[in-house]
There are 2 protein chains.
Amino acid sequence: PRRQDAPITHDLQVAMEDIFNGCTKKMKISRKVAGPDGKLTKEDKVLTIEIKPGWKAGTKITFPKEGDQLPNTVPADVVFVIKDKPHPLFKREGHDLIHTIKLSLRDALCGGTIQVPTIEGVKVALPLTDITKPHTVKRIPGRGLPVPKQTDKRGDLIVKFDIVFPDGLPQATKDILKDLLPAV
Amino acid sequence: PRRQDAPITHDLQVAMEDIFNGCTKKMKISRKVAGPDGKLTKEDKVLTIEIKPGWKAGTKITFPKEGDQLPNTVPADVVFVIKDKPHPLFKREGHDLIHTIKLSLRDALCGGTIQVPTIEGVKVALPLTDITKPHTVKRIPGRGLPVPKQTDKRGDLIVKFDIVFPDGLPQATKDILKDLLPAV
């Protein structure tokens with residue numbers, strides 16, 4: 001049996017938008033090829049990867065025997081491993097996306113309607129009727145990533161809150177707040 | 001060479017107070033002992049462990065050859081591995097202790113002096129002069145765990161805050177807050 005080297009593994013960073021929509025990536029690889037005279041030449045080849053909507057980080061795409069073609073050796077497999085490129089607005093948790101929104105203490109206490117960004121680019125309105133607490137979590141159904149093999153099914157968009165306190169308040173304001181807010 | 005079995009490992013859960021003060025633990029072990037006639041009898045033995053102040057979880061104490069005494073075998077070592085018993089008030093981070101204190105939104109905004117528990121049982125006063133924000137961290141030096149081999153040196157007590165928001169507020173209060181609190 002001829003020897004085959006261990007697979008050559010490349011990480012493939014994929015933007016969240018590309019995971020959402022699916023996309024085609026063309027990856028150029030270089031390999032050594034031995035001619036009939038035994039001389040090695042360098043050969044470039046383009047491998048095409050179809051990324052399906054909703055693919056998870058860690059998904060492996062294997063191109064069998066696309067490594068160096070050396071005498072008396074089975075060329076190694078070339079493997080691409082999908083990685084999530086960090087996104088400025090969303091973190092991924094399975095099919096759900098998590099967005100942390102900065103919310104003023106004023107809006108947290110008094111309520112209002114906030115605009116939440118989505119991966120498809122549009123914003124959705126989220127009314128805050130109750131008091132928003134530091135650990136409050138809201139879930140917007142169907143605004144996460146597609147679920148592979150389940151047409152039209154999507155995860156949720158999970159909204160967390162980073163409540164922005166004022167840096168300081170005038171003593172007069174503090175005195176009023178002391179009366180307004182409950183002690184416990 | 002005679003065969004020795006793998007060490008027999010026991011976890012030893014130690015309370016944070018015992019890590020703080022140091023303590024002596026007496027552990028009863030049972031082992032089989034082969035007599036001259038080859039008959040096995042069960043024997044109990046008490047092993048004494050001196051836990052030094054500040055020992056870390058993962059510290060191993062080895063009692064060589066205290067396992068079963070069988071013919072043609074070197075008795076296994078008996079090993080105890082220190083584990084931190086969860087404490088209701090403190091989490092450990094190296095030599096520091098972390099205490100999360102519930103603070104009303106009122107005190108977070110208006111300030112005041114809070115009483116922080118310590119591992120030695122007394123409370124220390126912590127004045128809150130600035131506004132306390134959800135991610136505020138205060139450090140009380142020298143109120144953590146002892147540092148082994150450095151007499152009188154102790155880690156810090158790190159205070160984190162869980163700011164307790166009211167569950168609801170009357171609309172009239174919300175209207176005043178809207179004027180009092182900054183929009184951003």
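Which residues touch the most other members of the largest nonpolar core? In this predicted model, they are Leu109(A), Phe165(A), Leu109(B) and Phe165(B), out of a core of 84 residues. In soluble globular proteins, nonpolar side chains tend to be buried together. The surroundings of one of these four residues can be listed. Leaving aside residues up to four places away in sequence, Leu109(B) touches Ile131(B) in chain B. Its contacts in chain A are Leu105(A), Phe165(A), Leu169(A), Lys174(A), Leu177(A) and Leu181(A).

Those contacts lead to the interface between the two chains. Here 29 residues of chain A are in contact with 29 residues of chain B. The size of an interface is often given as the accessible area lost when the parts come together. For chain A and chain B, the area buried between them is about 3,000 Å², and 72% of it is on carbon and sulfur atoms. On the side of chain A, the residues that lose the most area to chain B are Arg106(A), Cys110(A) and Phe165(A). Together these three account for 22% of what that side buries. Phe165(A) thus appears both among the core residues with the most contacts and among those that lose the most area to chain B.

Polar and charged groups also meet across the interface. Eight residue pairs are in polar contact between chain A and chain B, both residues being at pLDDT 80 or more. Three elements of chain A each supply at least two residues of the side that touches chain B: α2 (105-110), β13 (157-164) and α3 (171-180). The largest share, six residues, comes from α3(A). By residue type, this side of chain A divides into 17 nonpolar, six polar and six charged residues. Two salt bridges are found across the interface of chain A and chain B. In a salt bridge between the chains, Lys133(B) pairs with Asp167(A), and the closest N and O atoms are 2.3 Å apart.

Over all chains, the structure holds 24 salt bridges. Several can be followed within chain B. Lys28(B) forms a salt bridge with Asp44(B), with 3.8 Å between the closest N and O atoms. Lys28(B) is in strand β3 (residues 23-34) of chain B and Asp44(B) in strand β4 (residues 40-51) of chain B, so this pair ties together parts that are 16 residues apart in sequence. Lys28(B) counts as exposed because its relative accessibility is 63%, whereas Asp44(B), at 43%, is partly exposed.

A second pair in chain B joins Glu66(B) to Arg31(B), the closest N and O atoms being 2.6 Å apart. Glu66(B) lies in the loop between β5 and β6 of chain B and Arg31(B) in strand β3 of chain B, so the salt bridge ties together parts 35 residues apart in sequence. Are Glu66(B) and Arg31(B) buried or exposed? Both are buried.

In a third pair, Glu120(B) forms a salt bridge with Arg143(B), with the closest N and O atoms 2.5 Å apart. This pair links distant parts of the chain, 23 residues apart. Glu120(B) is in the loop between β10 (112-117) and β11 (123-128) of chain B, and Arg143(B) is in the loop between β12 (137-140) and β13 (157-164) of chain B. Glu120(B) is partly exposed, with a relative accessible area of 28%, and Arg143(B) is partly exposed at 25%. In chain A, salt bridges that share partners join Arg31(A), Glu43(A), Lys45(A) and Glu66(A) into one network.

Chain A offers another arginine to follow. Where is Arg154(A) placed? Arg154(A) is in the loop between β12 (137-140) and β13 of chain A, and at 22% relative accessibility it counts as partly exposed. The side chain of Arg154(A) reaches two backbone oxygens, that of Arg143(A) at 3.3 Å and that of Gly144(A) at 2.9 Å. Residues touched by Arg154(A) include Phe20(A), Ile119(A), Glu120(A) and Pro146(A). Gly54(A) is 100 residues from Arg154(A) in sequence, yet their C-alpha atoms are 8.7 Å apart in space.

The last stop is a detail of the backbone. Most residues other than glycine have a negative phi, and most peptide bonds are trans. Lys65(A), not a glycine, has a positive phi of about 60 degrees, and Lys65(B) has a positive phi of about 55 degrees. Lys65(A) lies in the loop between β5 (60-63) and β6 (73-74) of chain A, and Lys65(B) is found in the loop between β5 (60-63) and β6 (73-74) of chain B. Lys65(A) is partly exposed, at a relative accessible area of 49%.

Technical notes. Residues are numbered from 1 along each chain as its sequence is written. Chains are lettered from A and ligands numbered from 1 in the order in which they are written. This is a predicted model: local features need pLDDT of at least 70, side-chain atom pairs count only at pLDDT 80 or more; totals for chains, interfaces and linings use all residues. Side-chain values use heavy atoms; hydrogens and water are left out. A nonpolar core is a set of buried Ala, Val, Leu, Ile, Met, Phe, Trp, Tyr and Cys residues joined through side-chain atoms within 4.5 Å. Buried means under 20% relative accessible area, exposed over 50%, partly exposed in between (1.4 Å probe, protein chains only). Contact means heavy atoms within 4.5 Å. Buried area is the accessible area (1.4 Å probe) that two parts lose on being put together, summed over both. A salt bridge is a side-chain nitrogen of Lys or Arg within 4 Å of a carboxyl oxygen of Asp or Glu. A polar contact is a pair of N or O atoms within 3.5 Å; within protein, one must be able to donate a hydrogen and the other to accept it, and residues adjacent in sequence count only if both atoms are side-chain atoms. Helices (H or I, at least four residues) and strands (E, at least two) are DSSP runs, numbered from the N terminus. Ala, Val, Leu, Ile, Met, Phe, Trp, Tyr, Cys and Pro count as nonpolar, Asp, Glu, Lys and Arg as charged, and the others, Gly among them, as polar.
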